Amino acid sequence: MDWNNLRYFLELSRAGTLMAAARRLAVDHTTVARRIQALEKELGGPLFAREAGGHRLTEAGRRLQPQVEAMERA
């Protein structure tokens, strides 16, 4: 897995919206969306539920988050 895609996953999970994650990462929101799509394609399913107010982790996303946080700390 590409660490950069995982980093974008963490920021979106923490920020809740593409725009907020993009601001934190100093990139365009479309870059965040592309990175998330690439990660979801690689893992074979959605990590976020897209809602009117932002993005909410799916069950798969909730399972992945602690693993990625451990990688971030390491």
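These notebook entries record what I looked up about helix α1, its neighbour α2 and two single residues.

**Entry 1. The model and helix α1**

I note at the outset that the model is predicted. I began with helix α1, which covers residues 3–15 and so has 13 residues. At 1.5 Å a residue, I expected a span of 18 Å, and I found the end C-alpha atoms 18 Å apart, which agrees.

**Entry 2. The ends of α1**

I then looked at what stands at either end of the helix. Asp 2 caps the N-terminal end of α1. One of its side-chain oxygens lies 2.8 Å from the backbone nitrogen of Asn 4. After α1 comes Gly 16, and I recorded a positive phi for this residue, near 90°.

**Entry 3. Burial in α1**

Which residues of α1 are buried? I listed Asn 5, Leu 6, Tyr 8, Phe 9, Leu 10, Glu 11, Leu 12 and Ser 13. I next asked what covers these buried residues. The cover includes the helices α2 (18–25), α3 (29–43) and α4 (59–73), together with the strands β1 (48–51) and β2 (54–57).

**Entry 4. How α1 meets α2**

I examined the pair α1 and α2 in detail. Their axes come within 8 Å and cross at roughly 125°. An angle between 115 and 145 degrees counts as oblique, and α1 and α2 are therefore oblique to each other. I recorded the crossing of α1 past α2 as right-handed.

On the α1 side, the residues that meet α2 are Arg 7, Tyr 8, Glu 11, Leu 12, Arg 14 and Ala 15. On the α2 side, I found Leu 18, Ala 20, Ala 21, Arg 24 and Leu 25. I kept a general point beside this list: an α-helix has 3.6 residues a turn, so residues three or four places apart point the same way.

**Entry 5. Arg 24**

Is Arg 24, a residue of helix α2, buried or exposed? Its relative accessible area is 52%; the cut-off for exposed is over 50%, so Arg 24 is exposed. Leaving aside residues up to four places away in sequence, Arg 24 touches Glu 11, Arg 14 and Ala 15. Arg 24 and Glu 11 are 13 residues apart in sequence, and their C-alpha atoms are 7.5 Å apart in space.

**Entry 6. His 55**

I closed with His 55, which I located in strand β2. Its relative accessible area is 19%; buried means under 20%, so His 55 is buried. Again leaving aside residues up to four places away in sequence, His 55 touches Leu 12, Gly 16, Leu 18, Phe 48, Ala 49 and Arg 50.

Key:
Residues are numbered from 1 along each chain as its sequence is written. This is a predicted model: local features need pLDDT of at least 70, side-chain atom pairs count only at pLDDT 80 or more; totals for chains, interfaces and linings use all residues. Side-chain values use heavy atoms; hydrogens and water are left out. Helices (H or I, at least four residues) and strands (E, at least two) are DSSP runs, numbered from the N terminus. The expected span of a helix is 1.5 Å times one less than its number of residues. Buried means under 20% relative accessible area, exposed over 50%, partly exposed in between (1.4 Å probe, protein chains only). Contact means heavy atoms within 4.5 Å. A polar contact is a pair of N or O atoms within 3.5 Å; within protein, one must be able to donate a hydrogen and the other to accept it, and residues adjacent in sequence count only if both atoms are side-chain atoms. Axes are lines fitted to C-alpha atoms, for helices over the stretch in contact, and angles run from 0 to 180 degrees between N-to-C directions. Angles under 35 degrees count as roughly parallel, over 145 as roughly antiparallel, 65 to 115 as roughly perpendicular and the rest as oblique. A crossing is left-handed if the near helix is turned anticlockwise from the far one by less than a right angle, and right-handed if clockwise.
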